[in-house]
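Look at the model first, then follow the text from the ligand outward to the sheets.

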Amino acid sequence: MTLPDPLSLPALHASHGGHWLRSASGGTQAVSKGDAIMAAADTPVLMLNAPLVASRLGYPDLSGLDLLEAFAFIHPARFCVPTPRGLAEALGLPPPEDDAAVPELLQRAAGALVAACQDPEWFEREGAWSAVQSLERLRWPWAQVLRPHIAKPEKAERWLFARLPEWEETGERPAPRQVELSTEAVQAQLARLTGEGAEQREGQRAYAADVSRIFAPRSAPGRPHLALAQAGTGIGKTLGYLAPASVWAGLSGGTVWVSTFTKNLQRQLRAESRRAWPVKRPDGTPPVVVRKGRENYLCLLNLEDALQGGFAGRPAILAQLVARWGAYTRDGDMIGGDLPGWLGTLFRKRGIAALTDQRGECIYAGCPHYRKCFIERAARDSAQADLVIANHALVMVNAARARDPNQRPTRLIFDEGHHVFDAADSTFAATLSGQETIELRRWIMGPEKESRGRRRGLAARLADVASYDDAGAEAITAACKAGQLLPSDGWLQRLAENSPFGPLEALLAAVRTATYARDESGQEAGYAIETEAAGLPGEVIEAAGRAAEALASIRVPLIRLGGRLEAILSEPPDWLDAQGRARIEGARFALAWRIELLAAWESLLDRLGGPADPEFVDWLAVDRSDAREFDVAIHRRWLDPMKPFARVVLEPAHGVLLTSATLTDRTEDDDLWASAIARSGAAHVEVAPLLSAAESPFDYAARAEVLIVTDIAKGDLPALAGAYARIIEASGGGVLGLFTAIRRLRAVHGRIADRLARAGLPVYAQHVDPIDTGTLVDIFRDDPRASLIGTDALRDGVDVPGHSLRCVVMEQVPWPRPDILHKARRLAGGGSAYDDRIIRARLAQAFGRLIRSKDDHGHFIVLSPAFPSRLLSAFPKGTPVLRVTLDEALQRVRAGVVQEASEHAGGTLPS
Ligand code: SF4
């Protein structure tokens, strides 16, 4: 292979194992932290992931020529794991052998990127020349390096907004035909999808047959076909449901929605769906669409605003890089789509969020980019799609308040179905908090201070309505006047000083005082505290009454305004063209949502002083993080969130499947299904669900071992950290460590990371490394010697088959946190049996990370002597469980490595 010439600039690499500097002319040296910082301060140096290098050096202001930024400019929308090894792979260079070889790689990678700019075949050339001019004006350090190598195009380039295609308005899709699926058709489709000659899996065939029954015509309104399917890991669940879904979509002309909990599964589903559907239909429309909440997509209007001066300094550079990506992205999805997850963290601020439509300020057809808008395109495409891949929260929000009721999903498959309860819990929650109310104020009145952005309030957004319709104008003025009663900038400070302004701030101040006064948690400052909303002091009740009146005074003019918009739509004036109409419809929809929100808050406040409603759990909270208060809130949750779920999602649907590898309880008594049925909402639509179970084909008894370590005492942090370090050494990396508390995670990481890095065993950590979780998992997957430690999110979101994950370590039994909501549900759900069910489910999910394919094998270790035997049924039948000392556990882990080393690449044993 011919290697590109290195770029002659100094290069710096810092890891937990040390710091290495290479001069412009060559020659790498290990240097001290101080020398590394001095070098970076003196001249622009090449580095990879500047925030990470800064955190390794403990010098937050570090800057330099970050190769990730150059990569994002030259190859926008391309995947790259942000590590030396990942960068080498993305650029087709040999990976570095060790840390000391990294600076040379950085120089070669820079050379390769410069060479790409000169390559006549450079795929992402269009737009680069104009962008680099703008970036030079913004003093982007790379601009000077790259500009001489980017040729000026002969004709003027199409700018992003001209390059994007317009979506087409299409007619409404007719209602799906009522069809019966034959077993033969489903099985034949399954055979086609799994591929010629693929081994026929009995479990998968039976699973597909069971799933196909949800597509039968419904026999009574409000009573969908409901199936609950336990699908053991490895049965081929995805193709098992895509087979009947694709047959039904083909025959009926309808849309099937598959909803997932993790972005990772969405990505996999998109890939798997290619077996059943082409990328495009003959008419150019996509049969499969990934659909997410609007806050995930790039808002072109926000981007335009950012490019035209709305952003300054580093965020303005980010906007330019996002504009480069915007021209090449598949679908405009910024969170978990093809925008690198690491790009936002390179710029340290909330730049990415500011480029999405976070606050529902979209002006729909009033927007000059409406016909190119990614969000509008996804909505239109999904209305015509055969398969929509979405997430639980979006499906529920969409069912509750879709703009177009005809677009509500009627055939629904909830994969990762064990998360539906939690997703319903948050979707149907009501929270009246400082953060939420200030958001509402900004939506009504616009930002308070002179801000650079385009964000505007209701009056500006509906100026044309106000000038045409007096009653509408009065309603807007009244809403804006009443909106001043909501909290404003600086509210937290005023609460802390006990000088609240207005009735809502007064309520929040009373809530805060009551919460602190009743706090018995003994928690040190820095963690959230809460108290039941029962027996509240008179001050809170009185403040709640005044706050409810204030909220009503906002809601009433908003209702009047909604009425005026309706009137304009039903008797349209001459000036109202199709675009104006779409915009007013959008505004009416946004208004209805706020009116509903205000009504929910008022009802929450009305009940505060009265008797408790057994349907709900209400409590007050002060949210704190790292010793800083960030919100004060009154919360309301449904005791059983599947009740609203049943009304909003199940009742209107015709067929629904909840499926997962951990749907049923892993108990030793017979009642495996009781909790899955209770948590499906079936009882609320009076439907007896079809129950289906397919056992995993994996040989857990031969391929996995559960080790319960008995000699690490609870609370002994040095022992815990030592145990993690020794397990990682024994396993040679490939460890996924799960913690129940961030504090312990950080403390353990702080004690072990340097030592392990020096042994070539990097440990990445959620809540420590400035890297988003998705990227951390990519890094972990990519490097078999890396380990990853984190909290709950990793229990489900990590799908790493093969050699990179060979040991899962839990620091302790994952008991549920005894907060107010948990205590209420525990009381209603059978006391300690309820807790046990939760713990078994968590253990089963964590164990599920270990064996992802039939060739995987490894250890599942719990570092806690207090592991009740009744919880052992959480693990698959036949899995050996041993109670051992740490030394014995290490021997077994090493023995596992011996087996692996010979099976894999004939590698060497770790010392
Ligand atoms: S239509 Fe709305 S979301 Fe789309 S670009 Fe315009 S303002 Fe942004």
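Which residues are around the ligand? They are Arg-294, Cys-299, Leu-300, Leu-301, Cys-362, Ile-363, Cys-367, Tyr-370, Cys-373 and Ile-375, where a residue counts as near if one of its heavy atoms lies within 4 Å of the molecule. This is a predicted model, in which local features need pLDDT of at least 70 and side-chain atom pairs count only at pLDDT 80 or more, while totals for chains, interfaces and linings use all residues. Residues are numbered from 1 along each chain as its sequence is written, and side-chain values use heavy atoms, with hydrogens and water left out.

The shell around the ligand divides into 9 nonpolar residues, no polar ones and 1 charged. In this count Ala, Val, Leu, Ile, Met, Phe, Trp, Tyr, Cys and Pro are nonpolar, Asp, Glu, Lys and Arg are charged, and the others, Gly among them, are polar.

Now to the sheets. Strands of a sheet pair through backbone hydrogen bonds, either parallel or antiparallel. One open sheet has 7 strands in the order S8-S9-S7-S10-S15-S6-S16, with parallel pairing. Strands (E, at least two residues) and helices (H or I, at least four) are DSSP runs, numbered from the N terminus, and two strands pair if DSSP finds at least two bridges between them. Strand S8 (288-290) and strand S16 (690-694) each have a single partner strand and stand at the edges, so one side of each lacks a neighbour in the sheet. On average, neighbouring strands of this sheet are turned by 15 degrees against each other, direction ignored. Axes are lines fitted to C-alpha atoms, for helices over the stretch in contact, and angles run from 0 to 180 degrees between N-to-C directions.

At the S8 edge, 3 bridges join S8 to the parallel strand S9 (residues 387-391); Val-289 has Val-388 in S9 as its bridge partner. Helix H12 (residues 263-273) packs on the sheet and touches strand S7 (256-260), S8 and S9, its direction making about 170 degrees with that of S9; contact means heavy atoms within 4.5 Å. Helix H18 (residues 392-401) also packs on the sheet, touching S7, S9 and strand S10 (411-414), at about 105 degrees to the direction of S9.

Another open sheet of 7 strands runs in the order S19-S20-S18-S21-S22-S17-S23, with parallel pairing. Its edge strands, S19 (763-765) and S23 (881-884), each pair on one side only. Its neighbouring strands are turned by 20 degrees against each other on average, direction ignored.
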